[in-house]
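Open the model in a viewer and keep the sequence panel visible. The stops below say what to select next and what is there.

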Amino acid sequence: GVSCLCPAGVITNIAEHIRYFGTTTSPRAPALPVVEASVVGDLVVDAIVEDRFLVLTTPEVGDEIAERAADIDRYVRSKSQSAE
């Protein structure tokens, strides 16, 4: 089987390793709850054992995915406008 992890909100040290080229800006991410990496690891193991495809770190991630899937163009426009 194959499982797909949507890693939104996972506490990592990725931001410490970002390299900037040109004008620097703050990374943008959806306002979602944060989850410890060990909790996400358990979710991944459960998904593999249960043969589930999609692993969501929090229920709110599902809402974000559903909004995006409903109308991708509207979703992109709304996120672009909120960034301005």
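Start with Arg-52. This residue is partly exposed, its relative accessible area being 33%, a value that falls between the 20% limit for buried and the 50% limit for exposed. Now add Glu-50 to the selection and show both side chains. Glu-50 and Arg-52 form a salt bridge, in which the closest N and O atoms are 2.8 Å apart. How many salt bridges does a search of the whole structure find? The search finds one. Keep in mind throughout that this is a predicted model.

**Helix H1 and the residue after it**

Select residues 37–50, which make up helix H1. Place a distance label between the C-alpha atoms at its two ends: they are 20 Å apart. The expected span of its 14 residues, at 1.5 Å a residue, is also 20 Å, so the two values agree.

Step on to Asp-51, which follows H1. Asp-51 is located in the loop between H1 and S2. Check the backbone torsion here: phi is positive, at about 55°, although Asp-51 is not a glycine. For background, most residues other than glycine have a negative phi. Is Asp-51 buried or exposed? Its relative accessibility is 59%, so Asp-51 counts as exposed.

**The nonpolar surface patch**

Select Val-2, Phe-53 and Leu-54 together and switch on the surface. These three residues form a nonpolar patch there, and their accessible area together is about 300 Å². Val-2 belongs to the segment that comes before strand S1, residues 4–6. With a relative accessibility of 59%, Val-2 counts as exposed, because the cut-off for that class is over 50%.

**Thr-58 and its contacts**

Move to the loop between strand S2 (54–56) and helix H2 (59–70), and select Thr-58, which is placed there. Thr-58 counts as buried, because its relative accessibility is 8% and the cut-off is under 20%. Which residues touch Thr-58, leaving aside neighbours within four places in sequence? They are Pro-33 and Val-35, so add both to the selection to see the contacts, which are counted between heavy atoms within 4.5 Å.

**Along helix H2**

Two residues of H2 are worth selecting in turn. Asp-63 is placed in this helix and is exposed, with 54% relative accessible area. Draw a C-alpha to C-alpha distance from Asp-63 to Ala-15: the two are 48 residues apart in sequence and 25 Å apart in space.

Ala-70 is also found in H2. It is exposed, at a relative accessible area of 60%. From Ala-70, go back along the chain to Pro-59, eleven residues away; their C-alpha atoms are separated by 17 Å.

**Helix H3**

Select residues 72–83 to show helix H3, then pick Arg-77 within it. Arg-77 counts as partly exposed, with a relative accessibility of 47%. A second C-alpha to C-alpha distance can be drawn here, from Arg-77 to Gly-22: the separation is 55 residues in sequence and 25 Å in space.

**The whole chain**

Clear the selection and return to a cartoon view. The secondary structure consists of three helices and two strands. What pattern do these elements follow along the sequence? The pattern is β-α-β-α-α. The radius of gyration is 15 Å, well over the 12 Å that the globule rule gives for 84 residues, so the protein is more spread out than a compact globule. Turn the C-alpha trace along its principal axes: it spans about 45 × 35 × 20 Å.

Colour by relative accessibility next. Of the 84 residues, 14% count as buried. Accessible surface for the protein comes to about 6500 Å², and carbon and sulfur atoms account for 57% of that.

For a last view, show a contact map. Taking contacts between residues at least 6 apart in sequence, 65% of them join residues at least 24 apart.

Note on methods
Residues are numbered from 1 along each chain as its sequence is written. This is a predicted model: local features need pLDDT of at least 70, side-chain atom pairs count only at pLDDT 80 or more; totals for chains, interfaces and linings use all residues. Side-chain values use heavy atoms; hydrogens and water are left out. Patches are made of residues with over 30% relative accessible area and no salt bridge: like charges are joined within 9 Å, nonpolar side chains (Val, Leu, Ile, Met, Phe, Trp, Tyr) within 5 Å. Accessible areas come from the Shrake-Rupley method with a 1.4 Å probe; for residues, only the protein chains shown count as cover. A salt bridge is a side-chain nitrogen of Lys or Arg within 4 Å of a carboxyl oxygen of Asp or Glu. Helices (H or I, at least four residues) and strands (E, at least two) are DSSP runs, numbered from the N terminus. Buried means under 20% relative accessible area, exposed over 50%, partly exposed in between (1.4 Å probe, protein chains only). The radius of gyration is taken over C-alpha atoms; the globule rule is 2.2 Å times the number of residues to the power 0.38. The expected span of a helix is 1.5 Å times one less than its number of residues.
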